[in-house]
Amino acid sequence: QAETAANRICKVLAVNQENEHLMEDYEKLASDLLEWIRRTIPWLEDRSPQKTIQEMQQKLEDFRDYRRVHKPPKVQEKCQLEINFNTLQTKLRLSNRPAFMPSEGRMVSDINNGWQHLEQAEKGYEEWLLNEIRRLERLDHLAEKFRQKASIHEAWTEGKEAMLKQKDYEVATLSDIKALIRKHEAFESDLAAHQDRVEQIAAIAQELNELDYYDSPSVNARCQKICDQWDVLGSLTHSRRDALEKTEKQLETIDELHLEYAKRAAPFNNWMESAMEDLQDMFIVHTIEEIEEGKGRRGLSWGLIAAHEQFKSTLPDADKEREAILGVQREAQRVADSTGSKLAANNPYTSVTPHIINSKWERVQQLVPKRDDALLEEQSKQQCNERLRRQFAGQANVVGPWIQTKME
């Protein structure tokens with residue numbers, strides 16, 4: 001009986017020891033599992049966005065490692081914990097021992113609650129990762145699109161400011177100006193076509209800002225530079241058009257003045273050449289009437305002196321015409337000086353320059369008194385001849401009848 005009692009006691013002690021061991025294992029497993037859940041949940045709940053797809057891909061890889069490597073053993077531990085708990089309770093019940101009550105916070109329900117929280121965090125984390133990767137892919141695509149469009153636009157604008165600032169119209173002829181205006185109109189059409197690209201660049205930059213692109217500051221700076229340069233190009237285009245149109249009007253004015261000058265200078269130049277020829281014309285006269293006035297074949301014609309006096313009476317009007325012609329040239333030069341044009345002195349419609357007109361006018365002025373002297377000298381000579389003729393006639397009229405009478 002004593003031996004049987006001893007064996008029973010040994011069995012009871014062994015069962016108690018095993019139960020104690022199971023309780024300790026449960027407590028340790030539960031503690032470790034809860035600690036792992038507590039550490040893992042904040043990691044899964046961390047929604048800090050990364051700047052690049054590479055960093056987010058690394059997060060996704062870490063999550064997949066967690067699903068493949070770190071979580072499965074914990075699932076086994078949880079199952080083992082539940083098995084141990086149930087086994088322990090069964091043993092205690094069969095031994096008529098009170099049920100096992102884990103320490104506070106390590107109940108099976110606590111573990112299940114923690115695990116459920118873990119599963120929820122895990123599900124939200126995966127969705128967030130995929131959404132974030134899609135967002136970054138879109139951002140990368142948009143950023144690349146922005147860079148491509150910006151590069152194309154910057155390449156197009158290169159040299160445009162210098163082209164719009166050049167003053168080539170200052171040394172252009174009227175035909176050159178018309179060609180420059182047509183070229184500028186083509187550029188304006190090109191500029192208008194590029195307006196869409198600038199607006200697209202600005203819209204992409206705005207979208208990158210709204211999607212919280214990590215490199216937004218550099219995108220914004222580049223976009224701002226493009227927009228500022230676009231405004232400058234618009235202003236320079238407008239200024240150049242104004243300058244070209246203004247120059248065209250001024251050159252048209254100069255051209256009209258040159259044409260008027262040419263139309264008036266040519267006949268005036270011919271008149272002066274004819275006048276010089278007449279003033280230097282040789283003359284042979286035999287009577288006072290020829291030097292002063294007399295009848296011609298077509299009726300009354302001026303004698304040389306009368307004709308010369310008539311010519312001299314036209315000189316004041318001729319001088320006014322000369323001044324008017326030179327005034328047209330001066331006006332053309334004034335308009336040219338006001339525009340800075342260096343081509344106004346070259347009149348394409350005539351080779352008769354103001355210098356030629358003035359030189360010939362001066363020559364006419366010199367020839368007039370010479371002609372006066374020559375005609376006065378001839379008049380004096382003819383008057384002397386006339387007196388001699390009259391003397392001869394008087395004497396001849398006396399002796400003639402006497403001779404006739406004697407001959408009869």
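Helices (H or I, at least four residues) and strands (E, at least two) are taken here as DSSP runs, numbered from the N terminus. The model treated in these exercises is predicted.

**Exercise 1.** Determine how many helices and strands the chain has, and in what order its elements run.

*Solution.* Begin with the totals, which come to 10 helices and 2 strands. Then follow the chain from the N terminus, where the order reads α-α-α-α-α-α-α-β-β-α-α-α. In that order the two β elements stand next to each other, with α elements before and after them.

**Exercise 2.** Assess the overall form of the chain by setting its radius of gyration beside that of a compact globule.

*Solution.* Take the reference value, since a compact globule of 408 residues would have a radius of gyration near 22 Å. The chain itself has 60 Å. Next, consider the principal axes, along which the C-alpha trace spans about 235 × 30 × 20 Å. Finally, turn to the domain assignment, which gives domain 1 (1-136), domain 2 (143-249) and domain 3 (253-407), and note that the C-alpha centres of domain 1 and domain 3 lie 133 Å apart.

**Exercise 3.** Describe the burial, contacts and surface of the chain, and then its charges.

*Solution.* With buried meaning under 20% relative accessible area, 33% of the 408 residues count as buried. Among the contacts with a separation of 6 or more, 84% come from residues 24 or more positions apart. The accessible surface comes to about 25700 Å², and 52% of this area belongs to carbon and sulfur atoms. As for charge, there are 58 positive and 72 negative side chains, while the centres of the two sets lie 1 Å apart.

Terms used. Residues numbered from 1 in each chain as written. Predicted model: local features only at pLDDT ≥ 70, side-chain atom pairs only at ≥ 80, totals over all residues. Heavy atoms only, no water. Rg over C-alpha atoms; globule rule 2.2 N^0.38 Å. Buried < 20%, exposed > 50% of the residue type's maximum accessible area, 1.4 Å probe, protein only. Contact = heavy atoms within 4.5 Å. Areas by Shrake-Rupley, 256 points an atom, 1.4 Å probe, with all protein chains shown as cover. Lys, Arg positive; Asp, Glu negative; His and termini not counted. Charge placed at Lys NZ, Arg CZ, Asp CG, Glu CD. Domains from an automatic or database assignment.
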